[in-house]
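Biologist: I should be grateful for a close look at one part of this model, the largest nonpolar core. Which residues have the most contacts inside this core, and what can be said of the elements and side chains connected with them?

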Amino acid sequence: MVQDAPVSGTPLSAAFLARLAREIPTLSYFKIEVPGAASKLRALIELAGDAVAGPFDGEESITLIPDLDAGATGTMPSAIIGDVLRRICDLYRDGDRPGAVALYERHLPLINYENRQCGLRATKALMKEGGIIASEATRHPMPPLSAPIRDGLIEIARRLDTMILRWGR
């Protein structure tokens, strides 16, 4: 698998990723989480064809619906609403795009909040709140979530009755 993420600092073109897929038999999965992910997924699939077995959406599923429209076969999100994202992908794959979009839009405030306010810390905060883990501490240099941001995250997750808040209780 190749994770195409801007944080790496190494831009990977769709043509380069397609060449990797065609030339390396054991490489057939790609997680695309860049601005314009849907266009890049579409180009990768067009250029590499069957050499790409798993074109995936990433970045907390913030662009999931356009990425599915472009040919993504799934998503590699954080752990906060994996059960919901599975249902969205199943609905989409079964031909119920309107149902997938409706479910996605219901959860988009949480996806957006995680992506734009919390990042990786959201999962740990919600797991702690749900009694799954004892500590939400993160490694240096990542600071803990501020209390107002954490409270906002918990508020949205509670409103949606997320499994992560019930799982460990």
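Modeller: In what follows, helices (H or I, at least four residues) and strands (E, at least two) are DSSP runs, numbered from the N terminus. In those terms, Ser28 belongs to the loop between α1 and β2. The model is a predicted one.

The largest nonpolar core comprises 47 residues, and those with the most contacts inside it are Phe30, Ile88 and Leu153. Two or more residues come from each of α1 (14–23), β2 (29–32), α2 (37–48), α3 (64–69), α4 (82–93), α5 (97–118), α6 (121–129) and α7 (147–159). The largest contribution is that of α5, with eight residues. As a general matter, nonpolar side chains in soluble globular proteins tend to be buried together.

I begin with Phe30 and its surroundings. Residues up to four places away in sequence being set aside, Phe30 touches Met1, Val2, Leu17, Ala21, Leu44, Val52, Gly54, Pro55 and Phe56. Ser28, with a relative accessible area of 15%, is buried because this value is under 20%. Apart from neighbours within four places in sequence, Ser28 is in contact with Ala51, Val52, Ala53 and Gly54. Val52 and Gly54 thus appear among the contacts of Phe30 and also among those of Ser28.

Tyr29 belongs to an aromatic pair, and a search of the whole structure finds one such pair. Its partner is Phe56; the two rings are stacked, at 6.0 Å centre to centre and with 10° between the planes. Tyr29 lies in strand β2 and Phe56 in strand β3 (residues 54–57), 27 residues apart, and the pair links these distant parts of the chain. Tyr29, at 38% relative accessibility, counts as partly exposed, whereas Phe56, at 16%, counts as buried.

Helix α2 also holds a lysine that deserves attention, Lys40. At 15% relative accessibility, Lys40 counts as buried. Its side chain makes a polar contact with the side chain of Asp4, at 2.5 Å. Beyond its neighbours within four places in sequence, Lys40 is in contact with Asp4, Leu12, Ser13, Ala14, Leu17, Ile32 and Val34. Leu17, listed here for Lys40, is also touched by Phe30.

I turn next to α5. At the start of this helix, a side-chain oxygen of Asp96 reaches to within 2.8 Å of the backbone nitrogen of Gly99. The buried residues of α5 are Ala100, Val101, Leu103, Tyr104, His107, Leu110, Ile111, Tyr113, Glu114, Asn115 and Cys118. An α-helix has 3.6 residues a turn, so residues three or four places apart point the same way. What covers the buried residues of α5 includes α3, α4, α6 and α7. The helix has a kink of about 50° at His107, shortly before the proline Pro109. Just after α5, Gly119 takes a positive phi of about 65°.

Finally, the cysteines may concern a biochemist. Cys118 is buried, with a relative accessible area of 3%, and Cys89, at 10%, likewise counts as buried. A search of the whole structure finds zero disulfides.

Notes: Residues are numbered from 1 along each chain as its sequence is written. This is a predicted model: local features need pLDDT of at least 70, side-chain atom pairs count only at pLDDT 80 or more; totals for chains, interfaces and linings use all residues. Side-chain values use heavy atoms; hydrogens and water are left out. A nonpolar core is a set of buried Ala, Val, Leu, Ile, Met, Phe, Trp, Tyr and Cys residues joined through side-chain atoms within 4.5 Å. Buried means under 20% relative accessible area, exposed over 50%, partly exposed in between (1.4 Å probe, protein chains only). Contact means heavy atoms within 4.5 Å. Rings of Phe, Tyr and Trp (its six-membered ring) pair if their centres lie within 6.5 Å; planes under 30 degrees apart count as stacked, over 60 as edge-to-face and the rest as tilted. The bend at a residue is the angle between axes fitted to the seven residues ending there and the seven starting there. A polar contact is a pair of N or O atoms within 3.5 Å; within protein, one must be able to donate a hydrogen and the other to accept it, and residues adjacent in sequence count only if both atoms are side-chain atoms. A disulfide is a pair of cysteine sulfur atoms within 2.5 Å.
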